There are 2 protein chains.
Amino acid sequence: MDILHTLGEIGLGSRLKRVSDLLMKITQQIYTNQNIDFDPYLFPAFNTIAKLEKTTNTEIREVLHITQPAVTQNINKLLQKELIELQVDDIDKRKKWITLSKKGEKTFNQLQPLWNILDRAVKKYTVFSAESLIEHLNYFEEQLKNGNYMETIQEQIKTELAISIVSFEEQYASYFYDFNVEWLESFFYVEDYDREVLSKPQQYIIEPGGHIFYAKQNNEILGTVALLKNKEGVFELTKMAVSPKHQGKKVGQLLMQYCIDFAKENSFEKLFLYSHTKLANAIYIYRKYGFIEIDVEADSPYERSDIKMELVF
Amino acid sequence: MDILHTLGEIGLGSRLKRVSDLLMKITQQIYTNQNIDFDPYLFPAFNTIAKLEKTTNTEIREVLHITQPAVTQNINKLLQKELIELQVDDIDKRKKWITLSKKGEKTFNQLQPLWNILDRAVKKYTVFSAESLIEHLNYFEEQLKNGNYMETIQEQIKTELAISIVSFEEQYASYFYDFNVEWLESFFYVEDYDREVLSKPQQYIIEPGGHIFYAKQNNEILGTVALLKNKEGVFELTKMAVSPKHQGKKVGQLLMQYCIDFAKENSFEKLFLYSHTKLANAIYIYRKYGFIEIDVEADSPYERSDIKMELVF
DNA sequence: TATATTTGCATAAGTACTTATATAAATACT
DNA sequence: AGTATTTATATAAGTACTTATGCAAATATA
């Protein structure tokens, strides 16, 4: 029995608030499940800043139709989470220009697909023909309460956000080239030999007994890695590259974990890799996964490497 | 520009809360305008207590689907306003039975017609065919913001709640009898002469040059009063009675004010009245309107009076 | 050009919920 | 019967808004 349903329309204010609270709570749970440090009530302000690229407290107040102190509080929360940055206007020293921080942009891109899922789930239970606001509200609240809404989202997350690892197929060959060249170009320079190997993965990696894996999410390829056969049971982990669009999703770590699992399953003796000390983040990850630094041989095949690591099983 | 409208469905939680806040604020304003000491957010709890007649904290929590501390807080607010009373259960000493207080019942009855108006106004802007919750919400919020909702309510209040004073008409004669007899019966006893005068107001009041006024609200008569001619420019204010159904609306004071205004307009010399000291409230009101106590003559026409008051202009 | 007003943002305190926890009485368990 | 658990309510603290107010910079006014 839910008296608010029988109170007639006077209780509408309370009903609206109750449904709002419930929706916010469920959304918060979803962020938490996805390990995303974000609050649903920050969405309007955060999204506004992202869409306007550069804005001010007052402008947010105007477009969101909330009070100015509410905006200030939202901004403080976003600052705390390091998602935005402030800069005082050169001319008008009262004004503070608000922009997304690097982390904010990353989070924004990371959140986008989840928001699409949330958006579709809300639509699923709110877009239908009804004869009154109360009727719409009753139905939506019911779906929030009985778990249908949550279930719909979780299913979508599973099919759309889950990242799976797939083996080399001819149709994916170009990603191997594109991701690696893009990465090489930004950190080093691309040699002709690189282009040759990357454009013919079948010939240079697969046929000599190696493997190429791809991280795939919802029919999109996010990143790739190769295991190049050195000798029986010894493979070089190489050509790891992640699409810049999908940085921040820990795609590299997922590929790394898969390679290690694959090596163990196939009773490999060891894996090794070449890297460069200026790629501190990458080396940190390699260490995290158990790779240990060893001497680089004099006749190292890579000019751009100054460090060699191995993982012995 | 209202970005929340363009945020898609993710902003729905914020939208719902914003509309709730606005609706609550407007409703609060209406209570304030009507001089009613009540808060819209107390409506669910208050209404539940009234409907169930006797209930407990836990039961309210169950039927309203809010948390128990929220109920406790609602109860405390209602206690503060003296609208409810608590009584510990005889057997289970943890339980507190909640009932409306006398004032609570009065307020509940007083609020009923206003709630009807609010209910109809909400329905007016929320009951229509729409293809989504957002569509319903957009329209309703728009009506709240542009003032249409408020205007609708104010118009209805004017036509339904405004109390006007009308002069004697034959069709109202029975009210004069009914209200007065009901009142006399509860405080004194009804003499045969009372019944004679009250049943023939035309003959006993109007024809000798007196007046009878009625308080009328939305085609309903709430109360009555008579000015009985004593001599030229001197009238006895008598037979004031208000329907028990409409106590608490200050109908008596409205009638009193009308009589005084009427007396001034017609250049009366003075008004006087007979009452009884046990009717302390009534006498307080008479004093408030300027009546001053004078000696009761030996041959007072009323057995049930022990006080006489007059207002000289 | 000095003063008043407006503007942009911050701070403080209030509100009506929430979660977490406390307290005391009733009930269940052994 | 004595102890543990459950139940009914209260209290405390947190949250995300609100209103009210403060403050400094910019702009209008005289």
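**Reading the surface near DNA strand C**

Mentor: In this predicted model, 21 residues surround DNA strand C, and those that come nearest are Thr58(A), Gln68(A), Arg94(A), Tyr41(B) and Thr67(B).

Trainee: Which atoms of DNA strand C come within 4 Å of the protein?

Mentor: Sort them into backbone and base. Here sugar and phosphate account for 62% of the atoms of DNA strand C that come within 4 Å of the protein.

Trainee: Which side chains have an N or O atom by a phosphate oxygen or a base oxygen of the strand?

Mentor: Take the phosphate oxygens, then the base. The side chain of Tyr41(B) places an N or O atom 2.6 Å from a phosphate oxygen of DNA strand C. For Thr72(A), a polar side-chain atom is 3.3 Å from a phosphate oxygen. Arg94(A) addresses a base instead: an N or O atom of its side chain is 2.4 Å from a base oxygen of DNA strand C.

Trainee: Which elements give two or more residues to this surface?

Mentor: In chain A they are helix H4 (57–64) and helix H5 (68–80), and in chain B helix H5 (68–80). H5(B) gives the most, with five residues.

Trainee: How many residues of each class does the surface near DNA strand C have?

Mentor: Eight are charged, eight polar and five nonpolar.

Trainee: How are chains A and B related, by what rotation and shift?

Mentor: Superpose one copy on the other and read the rotation and the shift along its axis. Chain B falls on chain A after a rotation of 179° with 0.3 Å of shift, at an RMSD of 0.3 Å. This is therefore the relation of a two-fold axis. Both copies use the same surface, since 98% of the contact residues of chain B recur in chain A.

Definitions and conventions: Residues are numbered from 1 along each chain as its sequence is written. Chains are lettered from A and ligands numbered from 1 in the order in which they are written. This is a predicted model: local features need pLDDT of at least 70, side-chain atom pairs count only at pLDDT 80 or more; totals for chains, interfaces and linings use all residues. Side-chain values use heavy atoms; hydrogens and water are left out. A residue is near a molecule or strand if one of its heavy atoms lies within 4 Å of it. A polar contact is a pair of N or O atoms within 3.5 Å; within protein, one must be able to donate a hydrogen and the other to accept it, and residues adjacent in sequence count only if both atoms are side-chain atoms. Helices (H or I, at least four residues) and strands (E, at least two) are DSSP runs, numbered from the N terminus. Ala, Val, Leu, Ile, Met, Phe, Trp, Tyr, Cys and Pro count as nonpolar, Asp, Glu, Lys and Arg as charged, and the others, Gly among them, as polar. Copies are superposed by least squares on the C-alpha atoms of residues with pLDDT of at least 70 in both. Contact means heavy atoms within 4.5 Å.
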